[in-house]
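Student: I would like to learn how to read the features of a model like this one. Could you walk me through it?

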Amino acid sequence: MRGPSIDFERVNLSLGNTPILEDVSFKVQAGTIHCIVGANGGGKTSLVRSLLGQMPHSGRIRIEWHDSKVIGYVPQTLDFDRSLPITVLDFVAMASQRRPVFLGVSRERRKEIADKLEQLGLAGKLRSTLGSLSGGERQRVLLAQALIPEPALLVLDEPTTGLDLAGKEILEGTIKAFAKGGGTVIWINHDIVQVTELADALTYINRKVLLDGAPRTVLANGAAAHLFPTLILSAEGART
Amino acid sequence: MSWLYHIPRDYIIALANANKIHYSFSYAFVVNGLLCAFIIGPLLGGIGTMVVAKRMAFFSQAVGNAALTGVAIGVIIGESYTAPYMSMFSFCLLFGLFLNFSRNHTKMSSDTLIGVFLSISLAIGATALLWVSAKVNTHILDTVMFGSILTVNDTDMNVLMVTTVLTAVTALPLFNQMLLASLNPSLAHVRGVRVHLLEYVFVLLLTILTVACVKIIGAVLVEALLLIPAAASRNLNRSIRGFVWWSIGFSTASCIIGVYAPMRWDLPVPSGGAIILTSAGIFLITMIIRMTLPRYREASV
C-alpha cells in the first residue's frame, strides 16, 4: 500500500476571535513517519482535524493519493459510557463493516480482527468489553481499528499516552512496519525520544510552524533548545 | 395493509371461541392490543438500545409531551381528536428538529437541553390541551400521557406498521454508523459517517415512532419502554449482540404479559401500567443478578 504525500499550504484557522493556526505550511512525504510536536494548545489536534476535514480552515491541504484513499485514525481518547456492553470485536467490527454488529461478524472479518489484536499484544481480548480494558489496552484497540481495512494514511493523536513500556514497543513496531510497507503516518507526539528514534520528519507547531525537518537536524538547531530544553536533555540521555 | 393483522386477529379470535385460549381474546379490541404488543415490543426494545447508547433517554418523553400540543392543534384545525396524526406528526417533527438544532448550536449537554425542552413542551401542551378539551368535553390529556392499547383501531395499527417498516429500513443499515458516532464522532467522520446528518435522521426516527406509539401506549410509557428493557439488558450483557436481542426480548415479553395477564387473571391493573410494571420487574431481577453474580460485574469496571 503506497501512502499519500500531503502538502499544507498557508493553513489558517480561528475559533471565534482566537487564532489557532497561522500560515501553517509544510510537506509530508509519502511513506514516511511525520511527527507533529508542540506545546499543549498549540494547534496540533486542530491541524490534524483540518486535514481530516473536520474543521473549517483557509489555505490548502493537498493530499496526493496513490493506491487507495483509506485513512486510519487513532483519536486521543474514546469518551464513552464504560458500562455499555461493547466488546472489542463489536467496536472494531462496527467501524469496518456495514452489517449491524448485533447480527454478527463475518468469519473473515473476525479472523482479521483477531490477528490484528494478536499483533498488538491483545490476544484473547476479542470478547472483553471496552469498559474493562486498561487505558493502554484501549489505545491499542484504537490502533487495531485504524488498521482495518489497511489504510494508506495513518493519523495518530498521541496514541502512546498511558501506555507501559511493553505496550509502547508493540505500538512503535506496528507503526514502523506500516511505514516500511509504504504507508504514510502523521503522528502527534509529545515523546521527543520516540520522535528522534522513529520519525523521518518533525514539525514543531505553536500556532505557527516554528521548526520543520529531519529530527536530528531540527534538534541540532539552537532554537530547539529554547523550545523544548528538557525534552532534548532526556532524548540525549536516552541515546547515551 | 389491514390483511396483515386481519389474518392473525381472526385466527386468535377463533382459538378463543373454541376455548383453546382465554375467552377475553374473542374480543377484537383485546386481540388488537396483543398484536400491537408484538409490534411495539421489538420496535421500542431495539431502538431503546441506541437511545441508551446515545444518552437520549428523555428525548422521547419531550416529544411525547409535544404531542399534547400537536393534539390540541389538531382539534383546533378540525382533525378528529381521537386520531389527530397529521398535526401530531407535523408539530412533533418540527419540535424534534428544533431541539436537535438547538443542541448542535448551543453545544449544551443533551440531558440539560432535553430537560429544558421537556418542561416547556409539557407546560405548553398541557395548557393547550386543557383549553381544547374543555371545548370538546373530553380528557385527551390522559390518553396522550398514558395511551390506551385496548382502544386501538385499524388506523392506529396502519400508522404503527408503516412506522415499524420505516424504522427497520432506516435504522438497520445505519446501526453501526450511529453507534460509532455516539462513541467518537471524529472517528466516525473519518470512517465516512455523516455525523450531523445521522443525528437528525435518528431524531426524526425517534420522533416518528414516539408519535406512532403515543395513542397506543402513551407518552410516558413510550419513554419507559425505550429505556427500561435496554437498561435491564445492559445489566446482563457484555456484547452489542446480547444487548440488542435481550432488550427486544424483555420489551416484547413486557408488552405481551402486560396485555395478557390482567385479562387472564382479572387483575385491576390497566394494560399500560401492567406493561411497565412487568418491565420494571425484569429490570429489578437483572439488577439483583448483576449485583450478586461476579461474572456480570466486568462491564462496569
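Tutor: Gladly. Let us begin with one residue: Asp23(A) has a relative accessibility of 38%, so it counts as partly exposed. Keep in mind that this is a predicted model.

Student: Which residue forms a salt bridge with Asp23(A)?

Tutor: For a salt bridge, look for a side-chain nitrogen of Lys or Arg within 4 Å of a carboxyl oxygen of Asp or Glu. Here Asp23(A) is paired with Arg10(A), and their closest N and O atoms are 3.4 Å apart. Asp23(A) belongs to strand β2 (residues 18-28) of chain A and Arg10(A) to strand β1 (residues 5-15), so the pair ties together parts 13 residues apart in sequence. Arg10(A) counts as exposed because its relative accessibility is 53%.

Student: Which residue does Glu22(A) meet in a salt bridge?

Tutor: The side chain of Glu22(A) meets that of Arg207(A), at 3.1 Å from N to O. Glu22(A) lies in strand β2 of chain A, and Arg207(A) in the loop between β8 (201-206) and β9 (208-213), so this salt bridge joins parts that are 185 residues apart in sequence. Glu22(A) is partly exposed at 23% relative accessibility, and Arg207(A) is partly exposed at 37%.

Student: How should I read a salt bridge in chain B, such as the one between Asp154(B) and Arg9(B)?

Tutor: Take the distance, then the place of each partner. The side chains of Asp154(B) and Arg9(B) come to 3.5 Å, N to O. Asp154(B) sits in helix α7 of chain B and Arg9(B) in helix α1 (residues 3-17), so the pair ties together parts 145 residues apart in sequence. Then look at exposure: Asp154(B) is partly exposed, with a relative accessible area of 29%, whereas Arg9(B) counts as buried at 7%.

Student: How many salt bridges are there over all chains?

Tutor: The count comes to 13 over all chains. Salt bridges can also link up: Asp7(A), Glu9(A), Arg60(A) and Arg62(A) are joined in a network of them.

Student: Helix α7 of chain B is also the place of Asn158(B). What separation do the C-alpha atoms of Asn158(B) and Ser2(B) have?

Tutor: When reading a fold, set the separation in space beside the separation along the chain. Asn158(B) and Ser2(B) are 156 residues apart along the chain, and their C-alpha atoms are separated by 7.1 Å. Asn158(B) itself is partly exposed, with a relative accessible area of 27%.

Student: Is Gln194(A) buried or exposed?

Tutor: Under 20% relative accessible area means buried. Gln194(A) has 2%, so it is buried. This residue is in helix α6 (residues 192-198) of chain A. A polar side chain invites a search for partners, and here the side chain of Gln194(A) makes a polar contact with that of Asn189(A) at 2.9 Å. Leaving aside residues up to four places away in sequence, Gln194(A) touches Thr160(A), Lys168(A), Glu172(A), Trp187(A), Asn189(A) and Ala199(A).

Student: What about the surface: which residues form a nonpolar patch?

Tutor: Ile73(B), Ile76(B), Ile77(B) and Trp131(B) do, with about 430 Å² of accessible area together. Trp131(B) lies in helix α5 (residues 110-136) of chain B, and counts as exposed because its relative accessibility is 52%.

Student: Now the interface. What area is buried between chain B and chain A?

Tutor: About 3100 Å² is buried, and carbon and sulfur atoms give 58% of that. Asn176(B), Leu183(B) and Arg191(B) supply 22% of the area that chain B buries against chain A, more than any other three residues. The contact takes 30 residues from chain B and 41 residues from chain A.

Student: Which polar features should I look for between the chains?

Tutor: Check salt bridges, then polar contacts. Between chain B and chain A the count is one salt bridge, and the side chains of Asp81(A) and Arg234(B) meet in a salt bridge at 2.8 Å, N to O. There are also 13 residue pairs in polar contact, with both residues at pLDDT 80 or more.

Student: Which helices of chain B supply the side that touches chain A?

Tutor: Helices α2 (28-53), α7 (154-183), α8 (185-190) and α11 (240-264) of chain B each supply at least two residues. The largest share, eight residues, comes from α7(B).

Definitions and conventions. Residues numbered from 1 in each chain as written. Chains lettered and ligands numbered in written order. Predicted model: local features only at pLDDT ≥ 70, side-chain atom pairs only at ≥ 80, totals over all residues. Heavy atoms only, no water. Patch = residues over 30% accessible without salt bridge, like charges linked within 9 Å, V, L, I, M, F, W, Y side chains within 5 Å. Areas by Shrake-Rupley, 256 points an atom, 1.4 Å probe, with all protein chains shown as cover. Helix = DSSP H or I, 4+ residues; strand = E, 2+ residues; numbered from the N terminus. Buried < 20%, exposed > 50% of the residue type's maximum accessible area, 1.4 Å probe, protein only. Contact = heavy atoms within 4.5 Å. Buried area = accessible area lost by both parts, 1.4 Å probe. Polar contact = N/O pair within 3.5 Å; in protein donor to acceptor, adjacent residues only side chain to side chain.
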